[in-house]
Structure formats: structure tokens, C-alpha cells
Amino acid sequence: MRRTLTIEELRAGIKRLKEEKEQADIKRGYCKLPPPKVSDVWAYEAYKTHLPEIKEFLADYAKVLLTSKQVVVIGESEKLKQWRELFDVASYCDDDVLKGKCAFISHVYLKEAVEGGAFSKVNKYAELAQMIAKTLNDYPYSIYEKDAFADNYDGGFDKYYSQKQEELQIWREN
């Protein structure tokens, strides 16, 4: 009878395969540095803190979409800019689900509202409103604290945020 692998064995195998792939990429000349990772704990704190306000905004935005029957570009406000930057940084966390949620909020919903995008080009306002409604009705996500990547986050939210913004800016320039 075949033995089932444990979680630890699976994690070790995944880590080994990633390292082998990185080494093979370096040998082939692919040596782009990976983006700096952001603490899952910090990203979750940002997500949990700002999500109620963002959900309120998205609900109002969905109403505007359905009332006007077109994708409306609101333009950039200080609050929307702050949310986009915050969730952009949070999208570099290690937790895949949280990373996806933060990236989607920043790069789809808020981008569409601020400057337009794929939905505004083809005026798929109903699809965008439906996606927003699904996001608003999703069960709130939470990280599994035991496996969360903590990095060097010590609870200083703003300090850590500015540090990671700088690291990401340097990474993007290279």
C-alpha cells in the first residue's frame, strides 16, 4: 500500500522544486529578482481595516454603474489613491488568496473607478457590477496565523508600509 505524504513532506518538496527551478532559470540567464515579500500579517491587517470602507464605496459605485448603464470613471481622489497604493503593496504578500483579493481590489475595481480599464473600453458595466456584488457578498477572508509569513513586521503599521513601498519602488526600477 502506498504511503500518503505529510504536509511537511509536501512543503519540503515544493520548496526543493522551487529552488531547482530558480537555479535552472539562473543557468539559462533568467535572473530577474523576485519582488520583495510583504508580511501576511500586515497585509491582512490592511485588508481587514480598510475593507469595510472599500465595500461601502464599491456598493455605491455598483449603484452608479447600474443607474447610468455604463462604466463611469470617477477620477482620482485622495482616499482612492491611498487605497490603491495600500492594496498594491499588500498584493505582494505570501498568502495566495489574500494576494489575489488585494490585487483584484487595487488593479481591477479601484483602477476601473479611477482611470478606466478593460471594462470601460467595451462598456461591460453589468459584468463589473456583478463582480462587485460577488465580492461584497463573499465570506470575509482570514489568514491562518500559524502559517502566516510575518517578515519583520512588529505591529508598526505605517513604518512597515513605508519601508515596503520603498523596497517595491526600488524593485520596480530595476
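These legends accompany close-up views of a predicted model.

**View 1. The whole chain is built from helices.**
The protein has 7 helices and 0 strands. From the N terminus on, its elements run α-α-α-α-α-α-α. Along the principal axes, the C-alpha atoms fill a box of roughly 60 × 45 × 40 Å. Of the 174 residues, 34% count as buried. Take the contacts between residues at least 6 apart in sequence: 79% of them join residues at least 24 apart.

**View 2. Leu10 and Asn123 are set 45 Å apart in space.**
Leu10 is found in helix 1. Its relative accessible area is 40%, so Leu10 is partly exposed. In sequence, Leu10 and Asn123 are 113 residues apart. The 45 Å separation runs from C-alpha to C-alpha.

**View 3. Asp94 and Lys37 form a salt bridge between two loops.**
The whole structure holds 12 salt bridges. In this one, the closest N and O atoms of Asp94 and Lys37 are 3.1 Å apart. The pair links distant parts of the chain, 57 residues apart. Asp94 sits in the loop between helix 3 (78-90) and helix 4 (96-115). Lys37 sits in the loop between helix 1 (7-28) and helix 2 (40-68). Asp94 is partly exposed, at 31% relative accessibility. Lys37 is also partly exposed, at 44%.

**View 4. Asp88 and Arg172 bridge helix 3 and helix 7.**
The side chains meet in a salt bridge, 2.6 Å from N to O. Asp88 lies in helix 3 and Arg172 in helix 7 (residues 157-173), so the bridge ties together parts that are 84 residues apart in sequence. Asp88 counts as buried, at 13% relative accessibility. Arg172 counts as partly exposed, at 40%.

**View 5. Lys164 and Glu167 pair within helix 7.**
Their side chains meet in a salt bridge, 3.0 Å from N to O. Lys164 and Glu167 are 3 residues apart, so about one helical turn separates them. An α-helix has 3.6 residues a turn, so residues three or four places apart point the same way. Lys164 is buried, with a relative accessible area of 5%. Glu167 is partly exposed, at 27%. Elsewhere, salt bridges that share partners join Arg84, Lys111 and Glu115 into one network.

**View 6. Helix 7 has a buried face and an exposed side.**
At 1.5 Å a residue, the 17 residues of helix 7 should span 24 Å. The end C-alpha atoms are 24 Å apart, which agrees. Phe157, Tyr160, Tyr161, Lys164 and Leu168 are the buried residues of this helix. Seen down the axis, they fall within an arc of 100°, so they line one face of the helix. These buried residues pack against helix 2 and helix 3. On the other side of helix 7, Asp158, Lys159, Glu166, Ile170 and Glu173 are exposed.

**View 7. Several helices share the largest nonpolar core.**
In soluble globular proteins, nonpolar side chains tend to be buried together. Here the largest nonpolar core has 42 residues. Trp42, Tyr47 and Leu98 touch the most other members. Helix 2, helix 3, helix 4, helix 6 (125-137) and helix 7 each supply at least two residues of this core. Helix 2 gives the most, with 12 residues.

**View 8. Leu98 has contacts beyond its sequence neighbours.**
Neighbours within four places in sequence are left aside here. Leu98 is then in contact with Asp40, Ala43, Tyr44, Tyr47, Cys93, Tyr141 and Ile143. Of these partners, Tyr47 is named with Leu98 among the residues that touch the most other core members.

**View 9. Cys93 and Cys102 are buried but not bonded.**
A disulfide is a covalent bond between the sulfur atoms of two cysteines. The count in this model comes to 0 disulfides. The cut-off is 2.5 Å between the sulfur atoms. The sulfur of Cys93 is 5.7 Å from the closest cysteine sulfur, in Cys102, which is too far for a bond. Cys102 is in no disulfide either; its nearest cysteine sulfur is that of Cys93. Cys93 is buried, with a relative accessible area of 1%. Cys102 is buried too, at 0%.

Note on methods. Residues are numbered from 1 along each chain as its sequence is written. This is a predicted model: local features need pLDDT of at least 70, side-chain atom pairs count only at pLDDT 80 or more; totals for chains, interfaces and linings use all residues. Side-chain values use heavy atoms; hydrogens and water are left out. A salt bridge is a side-chain nitrogen of Lys or Arg within 4 Å of a carboxyl oxygen of Asp or Glu. Helices (H or I, at least four residues) and strands (E, at least two) are DSSP runs, numbered from the N terminus. Buried means under 20% relative accessible area, exposed over 50%, partly exposed in between (1.4 Å probe, protein chains only). A nonpolar core is a set of buried Ala, Val, Leu, Ile, Met, Phe, Trp, Tyr and Cys residues joined through side-chain atoms within 4.5 Å. Contact means heavy atoms within 4.5 Å. The expected span of a helix is 1.5 Å times one less than its number of residues. The arc is that of the directions from the helix axis to the C-beta atoms.
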